[in-house]
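This short report looks at a few helical parts of one protein chain. Have the sequence and the model at hand while reading.

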Amino acid sequence: MNLTQLTSQIILMFILMLVGLLINKLGFMHAQTSTDLTNILLYIVSPCLIVQAFEKTFSADRLQMLARVIVGIVIIYLIMIIVTQLLFKHVADGNLRRIMRYGSVYSNAGFMGIPLTSALFGATGVFFAVASLAAFNIFSWTHGISLFTGRHGNRRDNLKQIVLNPNIIAIIVGLLIFVTSFKLPTIANSAVKYVSSVNTPLSMIVIGNSLADVKLDRTTLDKRLWLVILLRNLLFPYLAIVVLQLMGISGIPLFTTVLMAACPVAGIVVLFSLKVHGNPGPAVALMSISTILSVVTIPIVFALVNLH
């Protein structure tokens, strides 16, 4: 992995975030616009990118490697969940405890990870990155939401969120396309490519726009959140490196999975906090600082990949 190329791409992403911030300050994007663009990215653009990634000639070796990556990701998630369960069990503030647990485990895999992977590794990278995206959706809507709603949350609704998630549907469709070597009609294929092409710039602009509204103060920036940022941005990505390399995974499958793991705190932590009428302040602060610091921490993680 070329560290210079990665750093340049991260800087480019940060510049696009600054464009989003500028758009916000100029009043060109309002809250509803940001929400609408987020929905378009998550439910239309990202699924198109996933389908495009699977438009490849079937390869049993590639499918086997994808299966190994999935097993590795599941192992990593289970370790992270156990560690955070033990590490934060003595945090008395229930709202802060669940934000710390969720923020440590779940990265911004879809909103930041997929655009980065696409920009750095193209369709081949996205092919393996969808394993992380699928695992994120499944674990987030089972374990993740249970941190906020408790064990008595509505399991039917959570299952519905997983099954009907457009990205999960796109992964299933993509796998069928890959296994059968089916080719989309030329016009449909061109439409998918055109829609996919806006994913990276639009994602970063929307993230930058959301960061512009963040206000940090002593009431939201609890000093214990720095441990969460250390885990999310550095220690857990390093765990991913160790687990994947022990499983013999290397090359693009390794790089893409580590990249997805090295992404900052998932923004959905804020939505889950609001869902249970908790104070979203610490969640907003955590997500914002983690995202800003990822400009530095992601290249550090990849330097560790090259050294390990």
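UniProt positions are given in the numbering used here, and its annotations may be inferred rather than shown by experiment. The model is predicted. An unreviewed UniProt entry places the feature "transmembrane region" at residues 6–24, 66–88, 127–150, 162–182, 224–246, 252–272 and 284–305. Two of these stretches are set out below.

| Residues | Helix | Strand | Distance between end C-alpha atoms |
|---|---|---|---|
| 162–182 | 81% | 0% | 25 Å |
| 224–246 | 96% | 0% | 32 Å |

Helix 5 covers residues 109–149. How far apart are the end C-alpha atoms of this helix of 41 residues? The distance is only 22 Å, whereas a straight helix would reach 60 Å at 1.5 Å a residue. Helix 5 also has a kink of about 135°, centred on Phe121. Of the 41 residues in helix 5, 32 are buried, and the helix is thus mostly covered. Gly150, just after helix 5, has a positive phi of about 85°.

Ser104 belongs to helix 4, which spans residues 94–105. Is Ser104 buried or exposed? Ser104 counts as buried because its relative accessibility is 0%, and the cut-off for buried is under 20%. A polar atom of the Ser104 side chain lies 2.7 Å from the backbone oxygen of Met100. Leaving aside residues up to four places away in sequence, Ser104 touches Thr84, Phe88, Val228, Leu231, Arg232 and Phe236.

Definitions and conventions. Residues numbered from 1 in each chain as written. Predicted model: local features only at pLDDT ≥ 70, side-chain atom pairs only at ≥ 80, totals over all residues. Heavy atoms only, no water. Helix = DSSP H or I, 4+ residues; strand = E, 2+ residues; numbered from the N terminus. Expected span 1.5 Å × (residues − 1). Bend = angle between axes of the 7 residues up to and from the residue. Buried < 20%, exposed > 50% of the residue type's maximum accessible area, 1.4 Å probe, protein only. Polar contact = N/O pair within 3.5 Å; in protein donor to acceptor, adjacent residues only side chain to side chain. Contact = heavy atoms within 4.5 Å.
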